Amino acid sequence: MDIKKENSSTRQFLSGMELLKQGAEARVYRGQFLGKAAVMKERFPRRYRHPTLDEKLTHRRTAQEVRSILRCRKAGIAAPVVYFVDYTTHCIFLEEIAGSVTVRDYIHSTSKTDTEKLHSLAERMGQILAKMHEEDVIHGDLTTSNMLLRTAMEGGSLDLVLIDFGLSYISALPEDKGVDLYVLEKAFLSTHPNTESVFETLLKSYTVSSKKSAPVIKKLDEVRLRGRKRSMVG
Amino acid sequence: MTIVIGFEGSANKIGVGIVRDGAVLSNPRRTYITPPGQGFLPSETAKHHRACVLSVLKEALLQAGIQPADIDCVAFTKGPGMGAPLVAVAIVARTVAQLWKKPLLGVNHCIGHIEMGRLITGAANPTVLYVSGGNTQVISYSERRYRIFGEAIDIAVGNCLDRFARVIKEMAHKMLGAGECTPEDLCFSLQETLFSMLVEVTERAMAHCGSREVLIVGGVGCNLRLQEMMEVMCQERGAKLFATDERFCIDNGAMIAQAGWEMFRSGHVTSLEDSWVTQSPCHPDLPNVQPQCMSQLAPFSSPSAHSARRQTG
């Protein structure tokens, strides 16, 4: 590991932080940054990759993540504020969304019979995703673990925040948006069994929330068929 | 005591294997190899299989030292795979099943790989990377079924590597001509990138399922560099890597027999009417086999493994 990186101020800063989790791609810490509650996402080097490839991918993912978050925020889509980026250690300092729960946990804790709650959540999700795709931001890793719900005010609308833009990119192609939704569909249905109708509500809400939605839904239907029909040999 | 014979010929390998209660008694195989620069076509492959399947069958019985009467069940690859070779082999399986008066079992080729991988390595509940000429999938057992958590939609890794080698001279003639790099450089770069992608997606699936074991199956799984990379990733996470050698990574009859053995013991059989073959997978969530010792599942946690596409942009 690069000595410069080891002794960098970021590394020292992080060593005083609370490690929240180590995912497949990054370590996430929690602490204070300039007096604000912050989350630090560190993309550490992956030794299994060729160093040139590793540096290229890690840098690109860090830059893409920040770019996409900013683009979303400019368009009024809820995503964490970016406080600081260190490109030597590939560390992003983000606003901590306090008092939030992942959509995944929210669905798990909601009774299956409380359909109204689930469907209004799905409606809100469809709206926010439609807005994101209107901005030509492809999230790339849509799952219910990558959406946060800020504990709602009395009678207020569900406050959804999108996170984890590491695999995101900019594209106007309906194909890419269709695949984005397909990834969410697979993730959604495998994590939350027997919620097909909830997801349908999500798609309906997506369709009405955006003028560009029709070709995207068409592509989604095509992509659904693609994975199954190809012949597999070997 | 249960003895199952398995017939596999979904691609260019034709294999007949015999399994008895977890022991592989025999596993002979022949491979249809085309001249360099050519891929293999269905009709030619089927022709190859038809020509040697009976010799391979005889070899299997001889090496195992058993008679047809000793066999409890005849298993064969139902799919997925190439149409003509699948049919050629299925016909033999159906015929011997009727001749010997034994029940038939149509087996999913992917499950064959997984069940044999588990048997040989002893992996309990692994995240499986199935990567071959025709398949690239990350599979995990969840809620009583093997589920595909991620897969390549356009082309399998093995096929991609083969085709790349075939077109490299034409497609990269400018770069090669200018001396910017050698064909070896290009192949190395492709391999490193593809394998990094495979390891990353596997790791995401492990994080999602809370799994501490990885099993690599399929022909590309023989590749030592892929195994090396996966081992590094596993070490960093405190997980264990299971890999088999070319006897079982590459398509073989015993893997079909083994999967058939599991299914037969759970009470499955395939009637003659249902013994058709299919090129495409019957269902994205592979038919459930009740594997032995399948312990309780680990809880799901983020991040997801679904982003099989766009990994390296």
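This passage describes salt bridges in a predicted model. Side chains of opposite charge can pair when their charged atoms come close. Over all chains, a search of the whole structure finds 33 salt bridges.

Within chain A, Glu25(A) and Arg43(A) are joined through their side chains by a salt bridge with an N to O distance of 3.3 Å. This pair links distant parts of the chain, since Glu25(A) belongs to the loop between strand E1 (18-22) and strand E2 (27-33), while Arg43(A), 18 residues apart from it, belongs to the loop between strand E3 (36-42) and helix H3 (51-74). Both Glu25(A) and Arg43(A) are buried. These two residues also take part in a network of salt bridges whose members include Lys41(A), Arg49(A), Asp54(A), Glu200(B) and Arg204(B).

A second pair in chain A consists of Asp136(A) and Lys212(A), whose closest N and O atoms are 3.6 Å apart. Because Asp136(A) lies in the loop between helix H5 (115-134) and strand E7 (137-138), and Lys212(A) in the loop between helix H7 (196-209) and helix H8 (213-229), the salt bridge ties together parts that are 76 residues apart in sequence. Asp136(A) has a relative accessible area of 15% and is therefore buried, whereas Lys212(A), at 38%, counts as partly exposed.

A salt bridge is also found between Glu236(B) and Arg47(A), with 3.2 Å between the closest N and O atoms. Glu236(B) is placed in helix H7 (residues 224-237) of chain B and Arg47(A) in the loop between E3 and H3 of chain A, so this pair joins two chains. Glu236(B) is partly exposed, with a relative accessible area of 30%, whereas Arg47(A) counts as exposed because its relative accessibility is 56%, and exposed residues are those over 50%.

How values were computed: Residues are numbered from 1 along each chain as its sequence is written. Chains are lettered from A and ligands numbered from 1 in the order in which they are written. This is a predicted model: local features need pLDDT of at least 70, side-chain atom pairs count only at pLDDT 80 or more; totals for chains, interfaces and linings use all residues. Side-chain values use heavy atoms; hydrogens and water are left out. A salt bridge is a side-chain nitrogen of Lys or Arg within 4 Å of a carboxyl oxygen of Asp or Glu. Helices (H or I, at least four residues) and strands (E, at least two) are DSSP runs, numbered from the N terminus. Buried means under 20% relative accessible area, exposed over 50%, partly exposed in between (1.4 Å probe, protein chains only).
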